[in-house]
Amino acid sequence: MFRDDPDPQPVRNWRGETGLKLPFYRRGWFSALLALFILGVLAAFGVYSVVVAPLRRDAEKFDLEELKKLESASIIYDRNGDEMARLYVLNRTPVPITDVPQHFIDALVAQEDSRFFKHDGVDYIGLARAVWTNLQAGEVTQGASTITQQLARQTFKLLERSYKRKILEAFLAQRIEKHFSKPEILELYLNRIFFGANFYGVQAAARGYFGKDVKELSIEESATICGLIKSPNNIQPVKHPQRALKERNYVLDRMATEGTLTVVEAEKLKLKPLITAPQSSDPRLSYVFDAVRREVVDLVGEERASIGGFRIYTSIDQDVQKTAENALNKHLAETEKRPGYEHQTYEQFRAIISDYRARMKRGEIDPATPKPVPEYLQAAALMIDNKDGSILAMVGGRDFGDSQFNRATDGLRPVGTAFTPFVYAAAFSSPGVYPGTKVDDAPLDNRRVMIGGLTGILGEWGAEVDNPKWSQAPMSSREALVMGRNSATVRLGERVGVPMVKEVAQKAGISSEMRDYPSTFLGASEAKLSEMCLAYSNFPTLGSRPQKLHLIQRITDSNDKAVFQIAEAALQSVQSMDPIAAYQTHTCLVDALHRGTGSAAVTKYKLGEFVAGGKTGTHYEFKDLWFLGYTSEITCGVWAGFDKSKTIFPGAFSNRVLLPAWVDMVNASTTRYVPREVTPPQFAERVEICQRSGMRATDYCYEKVKGPDGVEKSVRATYVEYIRPGTPMEGLCTAHTGEGLPKEIAQFQHQATFGGIQAAPLIADAAKWVHIEPVRMQALTVIGEDPYNAEQAVPRARPVNDDGSPIRKAIPVDAVNETNDGPVLKLAPPPPMKIDL
C-alpha cells in the first residue's frame, strides 16, 4: 500500500538508474500521513462520541436557574415566635452589579479573565497558552478557567480534578453565556464566590476587610480583594498582610497591562500602604446570632446552608437577653470607674481603635501593623431553662465587633470558689455526712492545697470579705459553704477524696478536665460557663439536669418544611446527682444567697422575694470572678475577667462586681418563669436541729431576742434538715437547758435528763394548760417483747376534718380539765371533824 507505483521504466544516467518523478499523492509518505489522519479523525470521533458528546448532553441537564438562587436571608425567631433578625447564614449580602465600581470590575477582569467580554465562555487563546506554559514547566502551573467557568464550577459544585470536569465546565460556561448577559454573569459571580475568613460575596469581603460597602472601595482596595480569589484563606490581608500586598500589586500591574490603568498610575498605587479596617460583615451580628449561624451550618451542612431562606426558631427570650446585655455593660462600666482601677477601660479602647483607623488612613503607620486587641475587662452571661436545657439568654463578651470569641460557650477559665458546692455535694452523697456534720475551720498551709503558692497561709478569699478570720473551732458543713470557708471546704474535700469530687462534678455536667490535686476543691481547674450552668441546674431539680444545652429548636425552609426539629428524647432530663445530696446542697446555697457570701443580693441589690440559691466564685488573686445561681425554673451564670488573665483589682470579689448583674437577670426572668418551692425528696427524713449546738433540737431550744419595741422574747432557735435515712446524729442538744425561760414555758416542758433518767413533768396548776392541745398517742408505746409486762395504753380515736386535721373542741374558760384521755383521780371525802366546845 505504501510502495511507489512500479510501472514507469527506470532511466540510467551517470549517477545510476533513476525512477520517474511521482506525484506527491502517490508517494508512500503521503499515504502514511493520510492513514494517520484518517485514524486521528476516527479516534477523535470515537472520543467525541464516547466522552465529549455525553458530557455535552450532561451539561444540558443542569438547571441554569440555580445560578440565581443565591443564599436568601434567614429569619431568626425567639422562643415566643417573635422575629429577632434577618441574617445570611453564610455571611453573604448580595448587591446589584450597579453598586460595584468600574475599577473593581477592571481589576477583576485583569486578574481572572482578560478576554471576558470577548469569549463565549471559554477562552481558547488562554487555554492554549496555559497548555504550552504547563508543558514547558512540566507541571500544572497555570489554569485557563474563565469567570463564567468559575461561576459554573462553584454553583454546581464541580470540584473533581479531572479532564472530564473541565470539559463539562466548558460546555456549561457556553450555555451560561447564551442565557445571561455579561453584566448578569459578573453580578452572579461576585455575589457567590468565597473571599476567605467566612466572607461570601464581594459586599461581605468589603465590609469584612475594609469596613465599608463595595461601592466605596478605592482602586487599591478593589485590587486587594480581587487578589484573594485564587487562594482566599492563604492571602487574606488581616492574617497575611505581606502576601496580600504582593498580590494587590500584581493585580495593579495586570490592570496597567490591560490598559485600564497607566503604568504611572499603577506605580503610584503600589506605593500606598495596605490599610485594613476589619469589621463584622453585618452590624446586626451579636454573640447570639453568630452562635445561631454556626449551629445552623452544623445542623444542615454548609451546602444546604448556602441556599438560606430558613426560618430559625431559637430558645432565646428577648426580654431576658436585653436585660443581660444591659446589666453586664452597666455594672462593668461602674467597676471601671472605681478609684484605683488601673486597667484599660472600654471607653479608652474605643478611642484607641478610632485613632488607629485614622492613622492607617493617613498612612502614618506601617500597613502591617496589626489592629489593636481589646484589653478591657470582659464578661459573659448565660441563662438556661432547668427543664430542657434551652438557652434563654447568652452574652459572649462586651462587644462582638471588638472580639468574636464567645466566652459563654468557648471560654475555659478557673472557676474559683464557685466550684465548692460540688465538694459538698460529693460529701453529702457519702454515708453519714449531712449539712450538720462538723468540720474544722482553722488556717491551712498552702503546701496542703497547692493553690497560689507553696508557702504561706491559705487565703480565705472565698468568704468574699476584705479581712477574713478563721473561727478556730468546728463548724457545720452548712455554715462552711454558706460563709465560703476555704479551709473547712478543703478538709471536707479531703474526707471524701479528689476522685469522688471529680466524679460528682463530671456527672453533674462539667466535662472539662479537672486536676488530680487538692487545689481542685477550690476551683483551680478550668471549666466553661455553659458547663457550670448545666451543673448548677442539678441543685433545684433534686439532681436531675438536661442532657445538654441547645439554642435552636426548629428550622424550616422557605416552603415551611421542617429541616430540623429537636428530638423529644433530647429534651428529657437525666438523673446525674444523688437527690438527697442535691437537695441538701440546695438548702445551703439558699442560705448562702440570703445570709452568706451572696447576701448583698437581698440587702443591697433588691433580689425579689422568691426561693433562689447561688454561690459566689472568686479565684486566687481575683483573676476570675463568677456567680452561679438559680430558681426552680432557671439557672443563670455570669463571669468576668481579662482575656489575658490578671488581677482585676485587690478585693474584686464577685459579690461586688457580678452579683448585681446576676440579680437584674434573675429578677427579669421571674415574670415568665415563676419560681416555685423546691420540695425535698420524699424518702428524706425531716430533723429539727438546734442552731447553737448543731444537735437534735429539744423543747428547750429557745433564744432570747429583743424585738423592735425593746422587749425580749423567747424565739425558737432551730432549723430543719432533711437527712438520709440511717444518718447518725450527735444526740440531743446540750446547749439549752431551759435556764432563763419564762416560768410558764419551763413548767410546761419536760425536765432535763439527770443521770440518764427522765424526771416527771410538773403538773402544778395543770388547769392553766387546758387550752393547749395535748400530744395524743399515734401507736403503742412498747413494741416487741416487754420484760416488765407493762400495761399497754390504748390509742383513742379522735374526730378529724376532711384534710386530716383534728376537730378542736370549745372549752369554757373556767372549766376544769375533765378530759377522758387519762384516768380520773377520785379522792374520798375528808372525815368529819370533831369540835369540842
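**Aromatic pairs, helix packing and backbone features**

A total of 17 aromatic pairs is present in the structure, which is a predicted model. In one of these pairs, the ring centres of phenylalanine 199 and tyrosine 209 are 5.0 Å apart and the ring planes stand at 85 degrees; because planes over 60 degrees apart count as edge-to-face, the pair is assigned to that class. Phenylalanine 199 belongs to the loop between helix H6 (182-192) and helix H7 (202-210), whereas tyrosine 209 is part of helix H7, so the pair ties together parts 10 residues apart in sequence. Both partners fall under the 20% limit for burial: phenylalanine 199 is buried, with a relative accessibility of 9%, and tyrosine 209 is buried, with a value of 1%.

Another pair is formed by phenylalanine 422 and phenylalanine 539, with ring centres 5.4 Å apart and planes at 35 degrees. This angle is neither under 30 nor over 60 degrees, and the pair is therefore tilted. Phenylalanine 422 is located in helix H16 (residues 420-428), while phenylalanine 539 is located in the loop between helix H21 (529-536) and strand S12 (544-546); the pair therefore ties together parts that are 117 residues apart in sequence. Relative accessibility is 0% for phenylalanine 422, which counts as buried. Phenylalanine 539 is likewise buried, at 0%. These two residues also belong to a cluster, linked by ring pairs, that consists of Phe419, Phe422, Tyr536, Phe539 and Tyr630.

Aromatic rings also meet charged side chains. The ring of phenylalanine 116 has the charged end of lysine 182 over it, at 4.4 Å from the ring centre. Over the ring of phenylalanine 649 sits the charged end of arginine 338, at a distance of 3.7 Å from the centre.

At the level of the whole chain, 26 helices and 22 strands are assigned. The chain comprises 837 residues, of which 47% count as buried. Among contacts with a separation of 6 or more, 70% are between residues 24 or more positions apart. The exposed surface of the chain is about 43700 Å², and 55% of this area is supplied by carbon and sulfur atoms.

Helix packing is illustrated by helix H2 (residues 102-112) and H6. Their axes are 13 Å apart and form an angle of about 85 degrees. This value lies within the range of 65 to 115 degrees, and H2 and H6 are therefore roughly perpendicular to each other. On the H2 side, the residues that meet H6 are Phe104, Ile105, Leu108 and Glu112. Their counterparts in H6 are Leu186, Tyr189 and Leu190.

Positive phi angles occur at two residues described here. Aspartate 560, although not a glycine, has a positive phi of about 65 degrees. Aspartate 560 is situated in the loop between strand S13 (552-556) and strand S14 (562-565). With a relative accessible area of 48%, aspartate 560 is partly exposed. Glutamate 621, also not a glycine, has a positive phi of about 70 degrees. The loop between strand S16 (613-618) and strand S17 (624-630) contains glutamate 621. The relative accessibility of glutamate 621 is 34%, and the residue counts as partly exposed.

Notes
Residues numbered from 1 in each chain as written. Predicted model: local features only at pLDDT ≥ 70, side-chain atom pairs only at ≥ 80, totals over all residues. Heavy atoms only, no water. Phe/Tyr/Trp six-rings, centres within 6.5 Å; stacked < 30°, edge-to-face > 60°. Helix = DSSP H or I, 4+ residues; strand = E, 2+ residues; numbered from the N terminus. Buried < 20%, exposed > 50% of the residue type's maximum accessible area, 1.4 Å probe, protein only. Lys NZ or Arg CZ within 6 Å of the ring centre and 35° of its normal. Contact = heavy atoms within 4.5 Å. Areas by Shrake-Rupley, 256 points an atom, 1.4 Å probe, with all protein chains shown as cover. Axes fitted to C-alpha atoms, helices over the stretch in contact; angles between N-to-C directions. Parallel < 35°, antiparallel > 145°, perpendicular 65-115°, else oblique.
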